[in-house]
Amino acid sequence: MANKETRRKVASRPYLPYSPHTLQQCLDNIARKKTSQQQASKHYGIPRSSIVLKMKASKENNIRAPGHRTVLTQEEEESFVQHTIAMCDFGYTITTLDLRCIVKSYLDGSGRKLKTFRNNFPGKKWAEKFLKRHNRVLSQRFCSNIQQC
């Protein structure tokens, strides 16, 4: 169940009232000079500020996924996924607490101090989101071996 603060109100506006496909069509039409930004905004129902930001980001090659950036690099996260798979292949049952301890050990060993984690120890929410991000890879191999703690 979601926290009270994260629940959407019944009459609240949706986060994105358009699909990524619609946005791409809109940007393509503007780039080919078929329509203006203002006309495209009205036609596709996309806020003009979003169009301007996406056009600017595409010109600067600065397009990134929505949401907060991950604390660890993609290579580090992939390494943790591969190590977790290897441990499960050897028959070890892994808990989210084990995963959090492994990350803390790695950060302490590499001399990194992350402000996001208290004493370099990831929280339960981080472990949940890590598993959610890598669910496709992990669920194919050993979804039953990871226990929530």
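Student: Which residues form a nonpolar patch on the surface of this predicted model?

Tutor: The patch consists of Met 87, Phe 90, Tyr 92 and Ile 102, which together have about 440 Å² of accessible area.

Student: Where does Met 87 lie, and why does Met 87 count as partly exposed?

Tutor: Met 87 belongs to helix 4, residues 74–89. Buried means under 20% relative accessible area and exposed means over 50%, with partly exposed in between. Met 87 has 32% relative accessibility and therefore counts as partly exposed.

Student: How should one read the pattern of burial along a helix?

Tutor: An α-helix has 3.6 residues a turn, so residues three or four places apart point the same way. In helix 1, the buried residues are Thr 22, Leu 23, Cys 26, Leu 27, Asn 29 and Ile 30. Viewed down the axis of helix 1, these fall within an arc of 160°, so they line one face of the helix. Pro 20, His 21 and Ala 31 are exposed on the other side.

Student: What covers the buried residues of helix 1?

Tutor: The cover includes helix 2 (37–44) and helix 3 (48–59).

Student: What span does helix 1 reach, and what span is expected?

Tutor: Its twelve residues, 20–31, reach 16 Å from first C-alpha to last, close to the 16 Å expected at 1.5 Å a residue. Helix 1 is followed by Lys 33, whose phi is positive, near 60°.

Student: How many helices and strands does the chain have, and in which order do the elements run?

Tutor: There are seven helices and two strands, running α-α-α-α-β-α-α-α-β from the N terminus. Of the 149 residues of the chain, 29% count as buried.

Note on methods
Residues are numbered from 1 along each chain as its sequence is written. This is a predicted model: local features need pLDDT of at least 70, side-chain atom pairs count only at pLDDT 80 or more; totals for chains, interfaces and linings use all residues. Side-chain values use heavy atoms; hydrogens and water are left out. Helices (H or I, at least four residues) and strands (E, at least two) are DSSP runs, numbered from the N terminus. The expected span of a helix is 1.5 Å times one less than its number of residues. Buried means under 20% relative accessible area, exposed over 50%, partly exposed in between (1.4 Å probe, protein chains only). The arc is that of the directions from the helix axis to the C-beta atoms. Contact means heavy atoms within 4.5 Å. Patches are made of residues with over 30% relative accessible area and no salt bridge: like charges are joined within 9 Å, nonpolar side chains (Val, Leu, Ile, Met, Phe, Trp, Tyr) within 5 Å. Accessible areas come from the Shrake-Rupley method with a 1.4 Å probe; for residues, only the protein chains shown count as cover. A salt bridge is a side-chain nitrogen of Lys or Arg within 4 Å of a carboxyl oxygen of Asp or Glu.
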